[in-house]
Amino acid sequence: MLARVTTFAIHGVESRRVTVEVDLRAGLPAFTIVGLGDRAVREARERVRAAVLNSGFEFPARRITVNLAPAYLRKEGPGFDLAIACGLLAASGQLPPEPLERTGVYGELALGGELRPCRGALAVAEGACDLGLGALVLPQVLVEEAALVGDLEVHGAGDLVEVAAIVRGERPGTRPAPGGVGAGGATVAGGPDLADVRGHREPLRALVVAAAGGHNLLLAGPPGTGKTMLARRLPSILPPLTRQEAVEVTRIQSVAGLRLAGGLAPERPCRAPHHTISASGLVGGGSVPSPGEATLAHHGVLFLDELAEFTRPALEALRQPLEDGRVAIVRGQRTAVYPSRFMLVASTNPCPCGHFGSRRCRCTDGDVQRYRRRLSGPLLDRIDLLVDVGRPAPEDFAGGPVARSADERERVAAARERAAARLAGTGLACNAQMDAATARRTVVLDDRGATVLRRAYDRGTLSPRGHDRVLRVARTIADLAASETVTAEHLLEALSFRQDAEGNRDEDVA
Ligand SMILES: Nc1ncnc2c1ncn2[C@@H]1O[C@H](COP(=O)(O)OP(=O)(O)OP(=O)(O)O)[C@@H](O)[C@H]1O
Ligand SMILES: [Mg+2]
């Protein structure tokens, strides 16, 4: 007797159909699983056997062969348990086989027959929907996530007995109302607030400009001046996720195993990996490809504290996600693609001891140069805003806050709306994503603005690359001022954000 059940394997952040074929024959009792499964798949035999028996079903004393097709696709993890168990029950006449041909099943089994959640429920539900399957059965805790996919009847079950009842049609499925499960658009509640920062008028302004345009930002300065403090407050002023963005973030977090229950991700991710992280930890990889920090920060912030301490290979690996907004990982004949469009925020000291320029600095010239050389290269090219974070003045600590997150968040949202309206149809979401041609086309300078820019360029104080960066940042500053034209004032402010970690203006860096 042969039975077929549809389930899914996770590949990148998507799912691929896997057909579980179960064949029962007369012969010495045996239980074999073939089809390029990893160790967790091979161990499914023990879980399935115990779960079937402990749920009151009969375990067929036959020669059992399970094939996971297609055979060329590598199968990882315990998510195939439920499909194997259902196939076994159908092949042995304990479940009707027809409904299983129209239903996807996905979940891990405990020895007692209970269902355990596994990674990637949203991707699996999307796969089931694309295949035109009528329904999907999975662990109860994953229902909210799977139901984010509109056109699919999602059945949650607590254990194998409940799954059998659903397959036999004894229990109706639950189809949540469309859009009823978390419609997205939540704002970040709580979290650290900009109001905690004293002084730092210019760095705070840079933070707002970065948030409004999605620009990458580097904060440079001596130890203890609040660089980390500033960076950690950036998510508090970013606009809320759109529904589409929230779905993408949820899909990634689910595939990475960061969320095994609940609906839409409520807020933009902020990832702050330690500087000892490897290149594959940062951009993803491993023999079983898994998403890296760059992907976990998709639609959010990737914060690299103490940038110069990261290894060169790790920083080099960031080049692709920064350029393309995605990471492609090739393993054998397969390529897994992970989206990774994030805002990069980095902090650094100006020299190894951090006190460069003051009498306290103990570094030799060689030390300083070696330290700075680590920062140069592909990364700095991608940073639009370079900001010096000096020591706040003593009177700053006596004064009140310079900015509050709630106010700035509103201004950022308004500026982003202006930019989005202008960029509608281009596929770009914010000013930082504009290439040189788009920047030159969409940035309308007034006469004085054009003069300021030409002078800066003529003086040789601005490279061609710097020229385009300044245009992008100036565009964002004008958006914050609700101005369609970019004036000399906006350009001058944009030029002021060109100070790099070494105190050089753009001309020396480029
Ligand atoms: N401008 C400021 N306003 C209020 N508190 C501040 C400010 N600057 C620093 N602090 C206080 O000092 C602490 C240390 O700041 P932070 O860790 O952000 O410094 P840093 O610049 O990242 O230093 P390092 O270079 O050593 O990493 C903060 O947690 C905060 O309490
Ligand atoms: Mg710090």
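Reader: What does the secondary structure of the protein come to, and what kind of model is this?

Author: The model is a predicted one, and in it the secondary structure of the protein comes to 23 helices and 18 strands. The C-alpha atoms fill a box of roughly 85 × 50 × 45 Å, taken along the principal axes, and of the 510 residues of the protein, 47% count as buried.

Reader: Into which domains is the protein divided?

Author: There is domain 1, which covers 2-167, then domain 2, which covers 194-404, and finally domain 3, which covers 434-510. These bounds come from an automatic or database domain assignment.

Reader: How do you know that domain 2 and domain 3 touch, and which elements supply the side of domain 2?

Author: Two residues are in contact if their C-beta atoms, placed from the backbone, lie within 7 Å, and the contact between these domains takes 18 residues from domain 2 and 14 residues from domain 3. On the side of domain 2 that touches domain 3, helix H8 (201-213), strand E10 (217-220), helix H15 (365-375) and strand E16 (385-388) each supply at least two residues, and the largest share, five residues, comes from H8. By class, that side has twelve nonpolar, three polar and three charged residues. The centres of domain 2 and domain 3, taken over C-alpha atoms, are separated by 23 Å.

Reader: What makes the sheet that includes E10 and E16 an open one with edges, and how does H8 lie on it?

Author: The five strands of this open sheet follow the order E11-E12-E15-E10-E16, with parallel pairing, and the edge strands are E11 (270-271) and E16, each of which pairs on one side only. H8 lies across E10, E15 and E16, and runs at about 160 degrees to E16.

Reader: How do you know that E12 and E15 are paired?

Author: Two strands pair if DSSP finds at least two bridges between them, and strand E12 (residues 301-304) and strand E15 (residues 343-348) have four bridges in the parallel sense, so they meet that condition. Within this pair, Leu-304 stands opposite Ala-346 in E15.

Reader: What makes E1 and E2 a hairpin, and to which strand is E2 also joined?

Author: Strand E1 (residues 2-11) and strand E2 (residues 14-25) run antiparallel and are joined by ten bridges, and with two residues between them they form a hairpin, in whose turn Gly-12 has a positive phi of about 65 degrees. The bridge partner of Phe-8 in E2 is Arg-17. E2 is also joined to strand E4 (residues 63-69) by seven bridges, again in an antiparallel arrangement, and there the bridge partner of Leu-24 is Ile-64 in E4.

Reader: Why is helix H3 called largely enclosed by the rest of the structure?

Author: A residue is buried if 20 or more other C-beta atoms lie within 10 Å of its own, and eleven of the eleven residues of helix H3 (residues 81-91) are buried, so the helix is largely enclosed by the rest of the structure. Among them are Asp-81, Leu-82, Cys-86 and Leu-89. H3 is followed by Gly-93, whose phi is positive, near 75 degrees.

Reader: Which residues of helix H7 are buried, and what follows that helix?

Author: In helix H7 (residues 160-167), the residues Leu-160, Glu-162, Val-163, Ala-164 and Val-167 are buried. Gly-169 follows H7, and its phi is positive, near 80 degrees.

Reader: Why is Cys-363 called partly exposed?

Author: Cys-363 has 17 other C-beta atoms within 10 Å; a residue counts as buried at 20 or more and as exposed at 12 or fewer, so with 17 Cys-363 falls in between and is partly exposed. Cys-363 lies in the loop between E15 and H15. Leaving aside neighbours within four places in sequence, Cys-363 is in contact with Cys-351, Pro-352, Cys-353, Phe-356 and Val-368. Cys-363 and Pro-352 are eleven residues apart in sequence and 6.9 Å apart in space, C-alpha to C-alpha.

Reader: What makes up the shell around ligand 1?

Author: Ligand 1 is surrounded by 15 residues, of which the closest are Pro-223, Gly-226, Lys-227, Thr-228 and Met-229. By class, the shell has four nonpolar, nine polar and two charged residues, and helix H9 (residues 227-232) gives the most to it, with three residues.

Terms used:
Residues numbered from 1 in each chain as written. Chains lettered and ligands numbered in written order. Predicted model: local features only at pLDDT ≥ 70, side-chain atom pairs only at ≥ 80, totals over all residues. Nonpolar A, V, L, I, M, F, W, Y, C, P; charged D, E, K, R; others polar. Near = placed C-beta within 6 Å. Axes fitted to C-alpha atoms, helices over the stretch in contact; angles between N-to-C directions.
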